[in-house]
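Please open the structure in your viewer and keep the selection panel at hand. The stops below are meant to be followed in order, with a selection to make at each one.

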Amino acid sequence: MVAGFTNTNVRFNAKLAERNDQREANGEKPFGVSQMLRSVIAKLATDKPLWDFIGVKTNSCDVTEFVVEGSNGERLGEIGFDWHGRNYCVYVRNKRITDKLSRSDRYKTTDTDKAVLKVKKMFGSMSTNERISIAAAKAAEVTNQASNHKWAQIREVEAKIERVSNQYVKEEGFDVFVAWLKSQDNQRARDTLEGIDNKVRLGIEMLTIQKVRDHFNEGKAVLVIKDGGKYIVKVGDKVDLYDDNTLPQEMRGKLGMLKLVEAEQFVTDTGCRINDETFILILEEVKNES
C-alpha cells in the first residue's frame, strides 16, 4: 500500500515497491503523495473500488503518476501531479482526452473536483470502435516497423555484396567485366564502356592537375605574370623580370604551349594557364635562389 491511503486498490508497481522498501530499510521516509494528487486518488479509489491505482513514477520523495487499470486489467489512463504555469496541478490523460486536445496530451487543472469528474467521464472500458481503432493503429505500427527493419537488413546485406562485387570488378575481375560488356548489344553496355574510357582519361587529367598543384604549393613551380611586353617570373621567393628576348628557353617553350589553350586548362608536364596574364610552369629543374 501507498503511505496515506487505506484503500487496498492503491499500490506501487513492483519496481517502485522495491525502491520504497529499500528507502524504509535505509531509514528514509517512504514515498508519499502530494495533498492535491492524494485527494483525487483517494476519492476515485473509494468511488471506483474495482479500479486499481498503481504508482509508477516518482520525484525524490513523492509519487508523481498513477496508472489506472480497470477490473479486467485494461489500462484506462494516467493521473499525475506536475508544475504548470505558476501552480502545481493534477493532470489526467488517456487516448480519449489526448484526441480532443490540440496543444497537449493531457487535461490539467488545479481543481481536484474537476479532475475527479474528468476521470469518471473519460476513463472506462473501450468501446468496440475504440478497440478497433487502437488495434488498427498498432497493427500498422508493427507491420511498418517490421517492413522497415527487414528493408534495413536487406540493404545491409546488399551493401556488403556490392562492396565485394565492386572490388572484384575494379581489380581481378576487370578484364572479365569488360569482355562481358563488349559481348552485350545494348546502350547500357556501350555507355558503360565509354564511361570506363572516360575514367581513364579523367584519371590522367587528375594526375596532371595534382602535379601542378603540388609543385605550386611546394614552391617548385614557376609563376609567370605577363605584364605588357614583360614577364614577371617568381620561383620560390625569388622574383625576376624578363622580356621576350631574355626569357629562358624552357620557360618560353612551355609558355608558348599554354598560350594555345583556354584559361584554367592544364597541360601534362607543362603547367596551367590561369588566365590571359597568369601561368604556372613545371620545369625540369627549378632553382630557388634567395
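Is Asp269 buried, exposed or partly exposed? Select Asp269 in this predicted model, and you will be looking at a residue that counts as partly exposed, because its relative accessibility is 45%, which falls between the limits of 20% and 50%. Asp269 lies in the loop between strand E11 and strand E12, the latter covering residues 271–273. Its backbone deserves a look too, since phi of Asp269 is near 60°, a positive value in a residue other than glycine.

From there, move to Glu264, which is placed in the loop between helix H8 (249–258) and strand E11 (265–267). Here phi is near 70°, again a positive value in a residue other than glycine. Glu264 has a relative accessible area of 62% and is therefore exposed.

Next, select Val233, which is found in strand E9, residues 230–235. With a relative accessibility of 1%, Val233 counts as buried. If you show what surrounds Val233, leaving aside its neighbours within four places in sequence, you will find it in contact with Val222, Leu223, Val224, Lys238, Val239, Asp240, Tyr242, Leu247 and Met251. Before leaving, draw a distance from the C-alpha atom of Val233 to that of Thr112: the two are 121 residues apart along the chain, and 89 Å separates them.

Now turn to the largest nonpolar core, which has 28 residues. To display its centre of contacts, select Val10, Leu37, Ile41, Phe53, Phe66, Ile79 and Phe123, the residues with the most contacts inside this core. At least two residues of the core come from each of strand E1 (10–12), helix H2 (35–47), strand E4 (62–69), strand E5 (75–84), strand E6 (87–93) and helix H4 (112–122). Of these elements, H2 gives the largest share, five residues.

Which residues does Phe66 touch, once its neighbours within four places in sequence are left aside? Select Phe66 and its surroundings, and the contacts to look for are Val10, Arg11, Val33, Leu37, Ile41, Phe53, Ile54, Gly55, Gly77, Glu78 and Ile79. A second core, separate from the one just visited, has 14 residues, and these include Val222, Leu247, Met251 and Leu281.

A short detour leads to Ser34, in the loop between strand E2 (32–33) and H2. Ser34 counts as buried, because its relative accessibility is 11%, under the limit of 20%. Apart from neighbours within four places in sequence, Ser34 is in contact with Asp62 and Phe81.

The next stops concern aromatic rings, for which the structure holds six pairs. Select Trp83 and Tyr88 first: their ring centres are 4.8 Å apart and their planes stand at 80°, so this pair is edge-to-face. Trp83, at 46% relative accessibility, counts as partly exposed, and Tyr88, at 48%, counts as partly exposed as well.

Phe177 and Trp180 form a stacked pair, with 6.3 Å from centre to centre and 20° between the planes. Both lie in helix H6 (residues 174–183), where they are three residues apart, about one turn of the helix. Phe177 counts as partly exposed at 24% relative accessibility, and Trp180 is partly exposed with a relative accessible area of 43%. If you then select Trp51, Phe53 and Phe123, you will see a cluster linked by ring pairs.

Two rings have a charged group as their partner. Select Tyr91 together with Arg106, whose charged end sits over the ring of Tyr91, 4.4 Å from its centre. Then select Tyr107 and Lys118, where the charged end of Lys118 sits over the Tyr107 ring at 4.6 Å from the ring centre.

The tour ends at the largest pocket, which has a volume of about 280 Å³. Its lining consists of 15 residues, and the ones to select are Asn94, Lys95, Arg96, Met126 and Ile134, which lie nearest the centre of the pocket. Two or more lining residues come from each of E5, helix H3 (95–100) and helix H5 (128–170). Which element gives the largest share of this lining? Select E5, and you will have the strand that supplies four residues, the largest share.

Note on methods
Residues are numbered from 1 along each chain as its sequence is written. This is a predicted model: local features need pLDDT of at least 70, side-chain atom pairs count only at pLDDT 80 or more; totals for chains, interfaces and linings use all residues. Side-chain values use heavy atoms; hydrogens and water are left out. A nonpolar core is a set of buried Ala, Val, Leu, Ile, Met, Phe, Trp, Tyr and Cys residues joined through side-chain atoms within 4.5 Å. Buried means under 20% relative accessible area, exposed over 50%, partly exposed in between (1.4 Å probe, protein chains only). Contact means heavy atoms within 4.5 Å. Rings of Phe, Tyr and Trp (its six-membered ring) pair if their centres lie within 6.5 Å; planes under 30 degrees apart count as stacked, over 60 as edge-to-face and the rest as tilted. A charge sits over a ring if NZ of Lys or CZ of Arg is within 6 Å of the ring centre and within 35 degrees of the ring normal. On a 1 Å grid over the protein atoms alone, a cavity is a set of points where a 1.4 Å probe fits but cannot get out, and a pocket is an open set with protein on both sides within 12 Å along at least five of seven lines; lining residues have an atom within 4 Å of a point. Grid points are joined across faces, edges and corners, and a volume is the space filled by probe spheres set on the points.
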